[in-house]
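User: I'm new to reading protein models, and I'd like to study one part slowly. Please choose a spot, stay with its surroundings for a while, and then follow the chain outwards.

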Amino acid sequence: MANAISPPNLFDKVALKYPIHRAFDVTIFVLLISLLVYRLLNLSNHGFAWLLALLCESCFTFIWVLTLSTKWNPVEYKTYPERLSQKAQELPPVDIFVTTADPVLEPPILTVNTVISLLAVEYPVDKLACYVSDDGCSSITYYSLVEASKFARLWVPFCKKYNIQSRAPFRYFSSELSLTSNCNSLEFQQEYKKMKDEYEDLACKIESVAVEKSSEWDLSGDFAVFSNIERKNHPAIIKVIWENKTGLSDVLPHLVYISREKRPNHPHHYKAGAMNVLTRVSGLISNAPFMLNVDCDMFVNNPETFRHAMCLLLGSKNERESGFVQYPQYFYDGLKDDPFGNQFVILQKYILSGVAGIQGPYYEGTGCFHRRNVIYGSCPDDIGDQAKNLTPLYGDLADKEQLKIFGNSKEFIRSAAYALQGKTNMSPKDLPNLIEAAHQVACCGYEHGTSWGAEVGWQYGSTVEDNLTGLMIHARGWRSVLCTPDPHAFLGCAPSQGPISMTQQKRWATAKSGGNLRKPVVTFSSTTADDHDNHSLSQHWQPPPPLSTSQQLKPTKNLPPTVDLFFPSADQNRPTLPRRSVIIPGHSTLLSRLF
Ligand SMILES: O=c1ccn([C@@H]2O[C@H](COP(=O)(O)OP(=O)(O)O[C@H]3O[C@H](CO)[C@@H](O)[C@H](O)[C@H]3O)[C@@H](O)[C@H]2O)c(=O)[nH]1
Ligand SMILES: [Mn+2]
């Protein structure tokens with residue numbers, strides 16, 4: 001009898017070797033210990049200064065040992081997307097979330113390029129749905145997305161036909177590669193020229209509405225909902241820009257615009273609040289078991305990105321191994337020699353691959369595929385009681401408890417139950433009929449008294465929601481996986497000026513230390529890697545108790561006056577398009593503007 005052939009691995013975990021670095025690290029460790037011993041032995045012969053030096057050096061040694069232990073066993077994952085068809089007959093659905101918040105600081109052409117690159121990935125279109133959250137409630141952003149969807153209907157088939165690598169149009173048309181790659185056939189040349197003209201038209205349309213005064217806008221018909229709207233005081237606006245009605249034969253996935261309700265005196269919780277609304281609205285509409293979130297300034301640079309992620313999400317023996325898959329943040333057009341350290345080279349190359357060898361990379365806020373049930377607060381099945389205490393979803397939940405956790409929408413609770421049971425799809429839905437339920441879960445009072453932001457969803461209480469959310473997931477026992485395909489999966493804009501970088505770094509540092517010091521516990525963690533046992537010091541974090549109702553309803557503090565931080569791309573030598581100028585986005589950090 002022939003043996004059943006088991007499907008091949010979808011990925012391999014490979015230990016990275018940096019022998020010279022290790023030799024240096026060990027030498028420094030021995031020197032530091034010798035120094036501490038020398039200080040201790042001679043302490044009685046010296047005064048206070050000697051004691052102070054000993055304390056400082058001990059502190060430094062401690063931090064250094066923590067860093068060393070973090071990067072001691074670096075690993076990388078090699079993924080094999082070409083084997084996916086042998087493992088899974090059908091690829092699972094993925095919901096895509098893009099966040100934008102300000103049409104001035106984050107020009108719509110930037111968001112549009114990110115969205116178009118996401119719509120054009122190599123993945124079955126009927127398995128994708130793209131949701132754009134606009135915290136700026138801008139008719140310009142909405143208009144730009146509507147126009148972008150028209151362009152995408154031509155662009156996506158073009159990319160797939162010629163296997164275009166760079167699918168963010170501004171990047172493709174500004175790169176010399178586009179002219180030399182692919183075939184030089186007459187047909188390609190003609191289609192290339194047509195696409196370039198179409199993109200220039202799109203960019204010009206968006207550019208021209210962006211400079212128009214809002215008072216000159218004709219907000220009628222489809223745009224009427226934006227008339228008399230105040231950015232921080234408006235009802236929820238949800239619009240289906242494109243509905244994929246015909247499944248695989250359609251060229252585009254669903255594209256939905258969402259501007260959640262905002263009211264004065266209701267905290268909106270920045271990006272975390274927007275992500276939670278996206279999670280709920282998408283739960284009602286497509287309820288995909290996996291969710292990708294991307295900042296509006298991070299376009300897809302590798303069309304196989306989704307398939308690489310699926311190798312790690314579907315290929316692990318136990319779901320627990322891959323609670324989320326994180327792609328490192330890489331940036332395009334960095335300054336020569338990276339004088340401000342904005343490319344995070346050391347972090348990406350050594351620290352991140354080191355952490356990947358322990359419990360997995362931390363969540364970076366963008367370029368990350370989460371399991372929906374993980375975001376809903378579940379724990380891995382085989383985890384002990386400690387982690388079970390961290391989830392509200394343990395045991396059989398009565399209806400009343402479910403309402404308390406997920407809020408007062410029966411439709412959403414039904415969809416959450418599906419997601420938590422691991423079912424992929426509810427019955428097919430008619431999008432326009434769901435919009436009423438979607439408005440309910442996007443209103444600002446919906447989360448009142450629920451577990452959103454505390455035990456469920458993206459975590460509130462910090463401007464670096466990614467840090468808190470990632471730690472919560474790890475604390476519940478999930479591990480994460482780092483995915484580093486070649487070429488890089490996503491590319492974003494990095495600040496190109498010193499002061500902007502410093503503001504961003506300051507915000508991250510203060511928010512991260514503030515958040516982590518809420519209840520840090522340094523413990524010994526033990527993880528078993530495939531090839532070796534790996535014991536290391538790592539920082540564990542326990543989530544804060546949920547905010548009380550009165551805390552949740554505290555009005556937001558008055559924000560300081562804002563300054564305009566938008567600036568052009570770092571690369572001044574970039575070839576520009578011949579006929580008209582196409583805006584090439586620069587980096588902005590909104591949160592830096594606020595703190
Ligand atoms: O009220 C807000 C504020 C921000 N955002 C969006 O959040 C994202 C990140 O904000 P940004 O100001 O660009 O922060 P950065 O410092 O550039 O972003 C890094 O740091 C953030 C906080 O740690 C992470 O969320 C990001 O993913 C990470 O790229 C952007 O898409 C914004 O549009 C909102 O949707 N609503
Ligand atoms: Mn940003």
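Analyst: Let's start at Lys271, which lies in helix 9. Helices here are DSSP runs (H or I) of at least four residues, strands are E runs of at least two, and both are numbered from the N terminus. This is a predicted model, where local features need pLDDT of at least 70, side-chain atom pairs count only at pLDDT 80 or more, and totals for chains, interfaces and linings use all residues. Residues are numbered from 1 along each chain as its sequence is written, chains are lettered from A and ligands numbered from 1 in the order in which they are written, and side-chain values use heavy atoms, without hydrogens or water.

Lys271 has a relative accessible area of 14%, so it counts as buried (under 20%; exposed is over 50% and partly exposed lies in between, with a 1.4 Å probe and protein chains only). Beyond residues up to four places away in sequence, Lys271 touches Thr99, Asn293, Asp295, Gly365 and Glu465, where contact means heavy atoms within 4.5 Å.

One of these partners deserves a second look. The UniProt record, an unreviewed entry, places the feature "binding site" at Lys271 and Asp295. These two positions are spread over 25 residues of sequence, yet they cluster in space, with a largest C-alpha distance of 9.7 Å. UniProt positions follow the numbering used here, feature names are shortened, and annotations may be inferred rather than shown by experiment. Asp295 is in strand 7, which covers residues 290-295. At 23% relative accessibility, Asp295 is partly exposed. With residues up to four places away in sequence left out, Asp295 touches Thr99, Thr114, Lys271, Gly365 and Thr366. Thr99 and Gly365 therefore touch Lys271 and also appear beside Asp295.

Now consider the helix that carries Lys271. Helix 9 runs over residues 270-285, and its 16 residues reach 23 Å from first C-alpha to last, close to the 22 Å expected at 1.5 Å a residue (the expected span is 1.5 Å times one less than the number of residues). Most of helix 9 is covered, as 15 of its 16 residues are buried. After helix 9 comes Asn287, whose phi is positive, near 50°.

Helix 9 also leads us to another position from the record. The same unreviewed UniProt entry places the feature "active site" at Asp135 and Asp466. Asp135 sits in the loop between strand 4 (128-134) and helix 5 (139-162), and it is buried because its relative accessible area is 9%. Apart from neighbours within four places in sequence, Asp135 is in contact with Thr100, Ala101, Arg231, Arg260, Lys262, Tyr270 and Ala274. Of these partners, Thr100 lies in strand 3 (residues 94-100). Thr100 is buried, since its relative accessibility is 3%. Its contacts, leaving aside neighbours within four places, include Val132, Ser133, Asp134, Asp135, Gly136 and Cys296.

For practice, try the same reading on helix 11, which covers residues 345-356. Its 12 residues should span 16 Å at 1.5 Å a residue, and its end C-alpha atoms are indeed 16 Å apart. Buried residues of helix 11 include Gln348, Tyr350, Ile351 and Val355. Among the elements that cover the buried residues are helix 1 (19-41), helix 2 (48-70) and strand 2 (75-79).

Take two of those buried residues in turn. Ile351 has a relative accessible area of 18%, so it is buried. Ile351 is in contact with Thr67, Thr70, Lys71, Ile346 and Tyr362, once its neighbours within four places are left aside. The C-alpha atoms of Ile351 and Pro361 are separated by 9.1 Å, with their positions 10 residues apart along the chain. Val355 is buried too, with a relative accessible area of 12%. Val355 touches Thr70, Gly360, Pro361 and Tyr362, not counting residues up to four places away. Thr70 and Tyr362 are thus contacts of Ile351 and of Val355 as well. A general point helps here: an α-helix has 3.6 residues a turn, so residues three or four places apart point the same way.
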